[in-house]
Structure formats: C-alpha cells, structure tokens
Amino acid sequence: MNRTPRLYALVEELRAVAPRSLTVAVLAARFEVSTRTVQRDLQALMEAGVPVRTTTGRGGWSIDPAMTLPPIRFTAEEAAALVAALAVADASAPYAGAVRTASQKIAASMTGPASTAAQQLAARIVALPTRTVESVRTAVEQALTDSTVLRLSYVDAAGQESDRAVEPAGLLTAGGKWYLIAWCRTRQAGRGFRLDRITAAAPTGEQARPHDLADLLLGSAAAGAVQPIALASLIPPP
C-alpha cells in the first residue's frame with residue numbers, strides 16, 4: 001500500500017475504534033509496515049490538521065471522529081476538477097493556509113482511481129503566483145471573520161499611495177486577482193481594494209457596521225458580479 005491510501009486507511013482505522021486508542025505496534029502490524037513508518041504517517045496527519053493525538057504514557061493514538069472526514073467517493077473527473085480548483089488558491093489568495101490543510105485532509109481520504117487522477121493532474125500544473133504580503137492576507141481574513149474595521153495602506157492603479165479606514169463586506173475575484181470589497185470611510189463610498197496593492201493592513205478591533213456585498217457592488221465596475229456556481233450548495237436559501 002503506498003502512502004496516500006495508507007494515510008486514509010489509518011484515519012479510518014482510528015475512526016472505527018474511537019474514542020478508544022490503538023498502539024503504534026498494532027497499527028504497524030495491521031498495515032504490515034514498521035512502527036517508524038506509522039509514527040511518520042501519524043505525524044504527517046497531525047501536521048495536516050487531522051485531529052489525531054497520542055495518549056501520554058500508554059503509547060496509544062486516537063482520533064476525534066466528529067472532527068474528521070468520512071470516506072469521500074469522488075469520481076476521477078471530480079478529483080481532477082478539485083485539483084484544478086485548488087491550484088487557483090495560491091499562496092496569495094485569501095485563506096490559502098486553510099486551503100492547504102483542507103486539501104491535505106481531502107487527499108488523505110481519497111482512494112482508487114480518484115486518488116490516482118488527482119495525483120497525476122497535480123504533477124502537471126504549475127502557477128505564477130501573485131504577490132500579497134502574508135500579514136496583509138491574514139489581517140483581511142481576520143477582519144472579514146470578525147467584522148472589524150481595517151486600516152490599509154493602498155497603492156492605486158496610478159501608483160498613488162493612501163491610508164484608508166475600511167469596513168469589510170466581502171471578497172471579489174476577477175481575472176485571477178482578489179479584491180476586498182469594503183465601505184471606505186475616507187471616501188464615504190463602497191470601494192474594491194486589490195489585495196496585491198495593499199502594502200499594509202492593521203486591525204483596529206473596532207466593530208464594523210454590517211454591509212451588504214451586493215449593495216456595495218452596485219454602480220461599480222463590478223456591478224455584473226455573480227455568486228460562483230460552485231458555492232451555491234454552501235449558501236442557505238433566503
């Protein structure tokens with residue numbers, strides 16, 4: 001058994017006995033590998049964000065079944081589509097860190113033709129990433145999650161730099177670029193701020209007023225923006 005299917009099988013083995021634990025020796029015998037290999041696999045799962053944990057003093061490992069994925073039965077075509085979608089989420093995209101760990105969890109749950117298709121396509125994709133300062137991306141993510149005001153240093157298309165206080169409403173993606181859509185207190189209007197043109201971002205801790213993303217897009221160059229079809233199943237009906 002190669003590593004990716006084994007990682008998936010390890011998760012399922014631990015899920016089957018949860019909340020009880022299994023020792024490394026038992027897992028090594030089950031998969032006919034060395035205890036050292038199992039230790040490396042368990043460490044890889046931990047680094048990928050899978051909630052496996054060791055029991056101090058007993059040498060056992062367990063998993064929280066409520067925090068793990070059940071088996072995912074992707075077709076080969078669905079797996080290839082997933083790889084293509086994940087490739088767009090480069091290091092400069094919002095939530096890139098979470099995307100990386102989520103993709104590792106999904107990869108660990110795939111087996112058979114889907115896993116093979118995903119691996120083969122992933123090896124054939126390269127990207128030229130845009131540059132976004134990591135601290136900026138993190139501050140934008142946090143402000144959107146907490147609905148708090150952000151202070152930005154921003155360079156516009158003409159190269160003019162300005163400082164803004166903004167109230168985030170949402171994100172827009174267009175032409176491979178990401179924009180923060182927000183109410184700009186400086187301009188007293190809705191504005192789109194391209195993430196790779198934000199040179200600095202600092203949270204204020206001040207609660208922002210609620211703003212509707214669609215309302216801020218109206219009358220702007222992005223007035224024709226629509227909700228991505230792939231997200232439709234995640235959005236509750238009105």
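User: Is arginine 185 buried, partly exposed or exposed?

Analyst: Keep in mind that this is a predicted model. The relative accessible area of arginine 185 comes to 29%. Buried would need under 20% and exposed over 50%, so arginine 185 lands in between and is partly exposed.

User: Which residue forms a salt bridge with arginine 185, with the closest N and O atoms 2.9 Å apart?

Analyst: A salt bridge needs a side-chain nitrogen of Lys or Arg within 4 Å of a carboxyl oxygen of Asp or Glu. Here the closest N and O atoms sit 2.9 Å apart. The partner lies in strand 8, while arginine 185 is in the loop between strand 6 and strand 7, 21 residues away along the chain. That partner is glutamate 206.

User: Which residues are joined into one network by salt bridges that share partners?

Analyst: We've just met two of them, since glutamate 206 and arginine 185 form a salt bridge. Sharing of partners ties these and others into one network. The full set is Glu167, Arg185, Glu206 and Arg209.

User: How many salt bridges does the structure hold?

Analyst: In general, side chains of opposite charge can pair when their charged atoms come close. One case here is aspartate 196 with lysine 177, at 3.8 Å from N to O. For the structure, the count is seven.

User: Where does aspartate 196 sit, given that its pair with lysine 177 links distant parts of the chain?

Analyst: Lysine 177 belongs to strand 6, residues 177–184. Aspartate 196 comes 19 residues apart from lysine 177. Its place is the loop between strand 7 (189–194) and strand 8 (198–207).

User: Is arginine 194 buried or exposed?

Analyst: Arginine 194 meets aspartate 196 in a salt bridge, 2.7 Å from N to O. Aspartate 196 has a relative accessible area of 25%, which makes it partly exposed. For arginine 194 the value is 17%, and since the cut-off for buried is under 20%, arginine 194 is buried.

User: Which strands stand at the edges of the open sheet with the order 1-3-2?

Analyst: Three strands make up this sheet, and their pairing is antiparallel. An edge strand has a single partner strand, so one side of it is left without a neighbour in the sheet. The edge strands are strand 1 (22–23) and strand 2 (52–55).

User: What is the bridge partner of threonine 55 in strand 3?

Analyst: Strand 2 and strand 3 run antiparallel and are joined by four bridges. Strand 3 covers residues 60–63. In that strand, the partner of threonine 55 is glycine 60.

Terms used: Residues are numbered from 1 along each chain as its sequence is written. This is a predicted model: local features need pLDDT of at least 70, side-chain atom pairs count only at pLDDT 80 or more; totals for chains, interfaces and linings use all residues. Side-chain values use heavy atoms; hydrogens and water are left out. Helices (H or I, at least four residues) and strands (E, at least two) are DSSP runs, numbered from the N terminus. Buried means under 20% relative accessible area, exposed over 50%, partly exposed in between (1.4 Å probe, protein chains only). Two strands pair if DSSP finds at least two bridges between them.
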